[in-house]
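Subject: Structure handover

Hello,

Here is the structure I promised to pass on. Please open it alongside this email; my notes follow below.

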Amino acid sequence: MTDAPTRAQFRSIAPKRVHYHEVDMQNIVFNANYLMFADVGITEYFRALNIASGKPESAGFNLFGPDHDMMVRHAEVDFRGSAVADDMIDLAVRIKRFGSSSLTSECAIFRGDQLLTVVTISYVHFAKADTRPAPLPAWFKDMVAAYEVVRPEGV
């Protein structure tokens, strides 16, 4: 990864404590847990947009209604440092890019200002009826573009 993200590029930053069950025998976060951390971060991102929460004023946890959903298509993890048990880390998430039926998120995991890991996940939006990719709603792209510090590609 050539361009390291900085905290200033993110509006959605959720704190998280590293728990004992998330580390391995070396007392560092087990590598697969970084994907779980990114999932927590993207949930907090959508909660910040007020489109995914248990609150009555949100759409619930299904962003696009009962007939549509999203699934992971591709994930990459770039390890740069290690978090250890009881560290306070920050899950900084942004939407980097939109395709016609997809979006790519970036979760930069920081301990203070130290970048530990970057998790990039591409999601595909699809219609449940035929499980075929479906265009992302324009209102969603506009909402994300208005929220982001750095405008996503493809808006």
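I will start with one residue. T43 has a relative accessibility of 26%, so it counts as partly exposed, since buried would require under 20% and exposed over 50%. T43 sits in helix α1. Its side chain reaches back to the backbone oxygen of D39, at 3.0 Å. T43 also has a partner far off in sequence: V93 is 50 residues away along the chain, yet the two C-alpha atoms are separated by 9.5 Å. Please keep in mind that this is a predicted model.

The overall picture

The chain holds 2 helices and 6 strands. Their order along the sequence is β-α-β-β-β-β-β-α. A compact globule of 155 residues would have a radius of gyration near 15 Å; the chain comes out at 16 Å, so the two agree. Along the principal axes, the C-alpha atoms fill a box of roughly 45 × 30 × 30 Å. Of the 155 residues, 46% are buried. Among contacts with a separation of 6 or more, 66% are between residues 24 or more positions apart.

Helix α1

α1 covers residues 33-48, which makes 16 residues. At 1.5 Å a residue, the helix should span 22 Å; the C-alpha atoms at its ends are 23 Å apart, so the helix agrees with expectation. Which residues of α1 are buried? They are N33, Y34, F37, A38, G41, I42, Y45 and F46. The spacing in that list is worth a look. An α-helix has 3.6 residues a turn, so residues three or four places apart point the same way.

What covers the buried residues of α1? The cover includes the strands β1 (12-17), β2 (68-79), β3 (88-98), β4 (102-111) and β5 (114-127), along with helix α2 (138-147). After the helix comes N50, which has a positive phi, near 60°.

Strand β5 and its partners

β5 is the strand to look at next. Of its 14 residues, 13 are buried, so β5 is largely enclosed by the rest of the structure.

- β2 pairs with β5 in the antiparallel sense, over 11 bridges. Here V77 has V119 as its bridge partner in β5.
- β4 also runs antiparallel to β5, with 10 bridges joining them. In this pairing C107 is bridged to V119 in β5.
- β6 (residues 132-133) pairs antiparallel with β5 over 2 bridges. F126 stands opposite P133 of β6.

V119 therefore appears twice, as bridge partner of V77 and of C107.

Two hairpins involve this strand. The hairpin of β4 and β5 has 2 residues between the strands, and G112 takes a positive phi near 65° there. The hairpin of β5 and β6 has 4 residues between the strands. In that turn, T131 has a positive phi of about 50°.

A buried glutamate

E22 deserves a check on your side. Where does E22 lie? It is in the loop between β1 and α1. Is E22 buried or exposed? Its relative accessibility is 5%, so E22 counts as buried. Its side chain makes a polar contact of 3.0 Å with the side chain of K16. A polar atom of the E22 side chain also lies 2.7 Å from the backbone nitrogen of H19. Beyond its neighbours within four places in sequence, E22 is in contact with K16, R17, I28, V29, F30, N33 and F37. N33 and F37 are also on the list of buried residues of α1.

The nonpolar cores

How many residues does the largest nonpolar core have? It has 31, and those with the most contacts inside it are Y45, F46, I89, L103 and F140. The elements giving two or more residues to this core are α1, β3, β4, β5 and α2. α1 gives the most, with 6 residues. There is also a second, separate core of 6 residues, which includes F10, A92, A108 and F110. As background, nonpolar side chains in soluble globular proteins tend to be buried together.

Y45 and F46 link two of these sections: both are buried residues of α1, and both are among the residues with the most contacts inside the largest core.

Best wishes

Methods: Residues are numbered from 1 along each chain as its sequence is written. This is a predicted model: local features need pLDDT of at least 70, side-chain atom pairs count only at pLDDT 80 or more; totals for chains, interfaces and linings use all residues. Side-chain values use heavy atoms; hydrogens and water are left out. The expected span of a helix is 1.5 Å times one less than its number of residues. Buried means under 20% relative accessible area, exposed over 50%, partly exposed in between (1.4 Å probe, protein chains only). Contact means heavy atoms within 4.5 Å. A polar contact is a pair of N or O atoms within 3.5 Å; within protein, one must be able to donate a hydrogen and the other to accept it, and residues adjacent in sequence count only if both atoms are side-chain atoms. A nonpolar core is a set of buried Ala, Val, Leu, Ile, Met, Phe, Trp, Tyr and Cys residues joined through side-chain atoms within 4.5 Å. The radius of gyration is taken over C-alpha atoms; the globule rule is 2.2 Å times the number of residues to the power 0.38.
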